[in-house]
Amino acid sequence: MSVTITVPATSANVGIGYDCLGMAVSLYATFTFDHADELTITGCPEEFANEQNLVYRSFELALEHWGEKPFPISIDIDSPIPLARGLGSSSACTVAGIMGAASLTGRIIRREEAVAIATEMEGHPDNVAPAIMGSLVCSFSPEGGLPHCIRYDVHKKLHFVTIVPPYEVHTSDARKVVPTEVPLSTAIWQMGRISGLTRGLETGDAKLISAACEDRLQEPYRRKLIPDYDDVFETCKRGGAVAMWISGSGSTLMACVDDGLVAESLRARIKQLHPTFDVMVLDCDTRGVRIEM
Ligand SMILES: Nc1ncnc2c1ncn2[C@@H]1O[C@H](COP(=O)(O)OP(=O)(O)O)[C@@H](O)[C@H]1O
Ligand SMILES: N[C@@H](CCOP(=O)(O)O)C(=O)O
């Protein structure tokens, strides 16, 4: 019997929460798994249709984690999540592989276990935790221990204008430009703001979101990798956005807006100024990964 896993795209960091904060959004990839005579992968670029495919790698690693032997499967991928744009296309693959492995072996796993396995594979929990749990999630891992995930609701009046430029930024490259050490003053700057931002997103407090959403850990360095950052930031500010951040490691930019009509107008304005961009109005996804047999 086949199983279909639906995984939301994610906006990691949400600006201020480098490697610890992430939000699931209403853009979904589906992955259909079934037993087969040999490995077959369809629905993805040709270069990924092989044993190195991230979904299959994650499927194999999950089986290995449970002490089970791999077996041949078919995987059909239908993903509108753009590649290497900071919307968690790789995490969606990782999460799908784990849940596919659990489902095809009849294993029932808790979301916390899935987050722990996925974090081990991804190296950081900020995409996989919201992809699995839905909503806005702040995560941290104790030395050598399992990640703790704190899940926040996001106020329904908030919408997220998702601005996808036609160029890629690979996460591995974008991580190289982020300094590995910061002064104490920067650490203090971030700590207060992450608390402010999570509360602001929960309550829909536009002023608080706006005040808190000013990152000093990664955005000042990564914005240089996105040639349109300054233009889009100005358009968002003038267009009534509450805040704008680099989604994950970019190149997508995400504007938070507290009114549906303003969000649609901003989407149209950005599309007018940047016809080659893909611009969507997304909401926060509250369900996280889903399984259908
Ligand atoms: N449908 C897919 N099939 C196989 N691999 C994929 C698929 N989508 C994404 N990936 C993998 O994820 C990588 C992109 O990951 P990354 O640079 O972290 O960007 P993103 O922000 O999209 O997660 C791709 O190079 C590829 O290895
Ligand atoms: N915290 C990571 C998140 C990367 O997310 P992605 O969607 O760009 O893969 C980082 O900022 O490097």
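Is Gln218 buried or exposed in this structure? The points below take up this question and then turn to the ligand and the annotated domain.

1. The structure is a predicted model. In this model Gln218 is buried, because 22 other C-beta atoms lie within 10 Å, and a residue counts as buried when 20 or more do so.

2. As to its setting, Gln218 belongs to the loop between helix 7 (206-212) and helix 8 (219-222). Leaving aside residues up to four places away in sequence, Gln218 touches Asn13, Tyr18 and Val178. One of these contacts spans a long stretch of sequence: Gln218 and Tyr18 are 200 residues apart along the chain, yet 7.2 Å separates their C-alpha atoms.

3. Ligand 1 is surrounded by 18 residues. The closest are Cys44, Phe48, Ser89, Ser90 and Thr171. By character, the shell around ligand 1 consists of 8 nonpolar residues, 9 polar residues and 1 charged residue.

4. Which helix gives the largest share of the shell around ligand 1? That share, 3 residues, comes from helix 2 (residues 89-104). In terms of domains, at least three residues of the shell come from each of domain 1 (3-152 + 286-292) and domain 2 (159-282).

5. The UniProt record, an unreviewed entry, places the feature "domain: GHMP kinase N-terminal" at residues 53-134. Over residues 53-134 the model is 56% helix and 7% strand. The C-alpha atoms at the two ends of this segment are 25 Å apart.

Methods. Residues numbered from 1 in each chain as written. Chains lettered and ligands numbered in written order. Predicted model: local features only at pLDDT ≥ 70, side-chain atom pairs only at ≥ 80, totals over all residues. UniProt positions renumbered as here; feature names shortened; annotations may be inferred. Helix = DSSP H or I, 4+ residues; strand = E, 2+ residues; numbered from the N terminus. Near = placed C-beta within 6 Å. Nonpolar A, V, L, I, M, F, W, Y, C, P; charged D, E, K, R; others polar. Domains from an automatic or database assignment. Buried ≥ 20, exposed ≤ 12 C-beta atoms within 10 Å, placed from the backbone. Contact = placed C-beta atoms within 7 Å.
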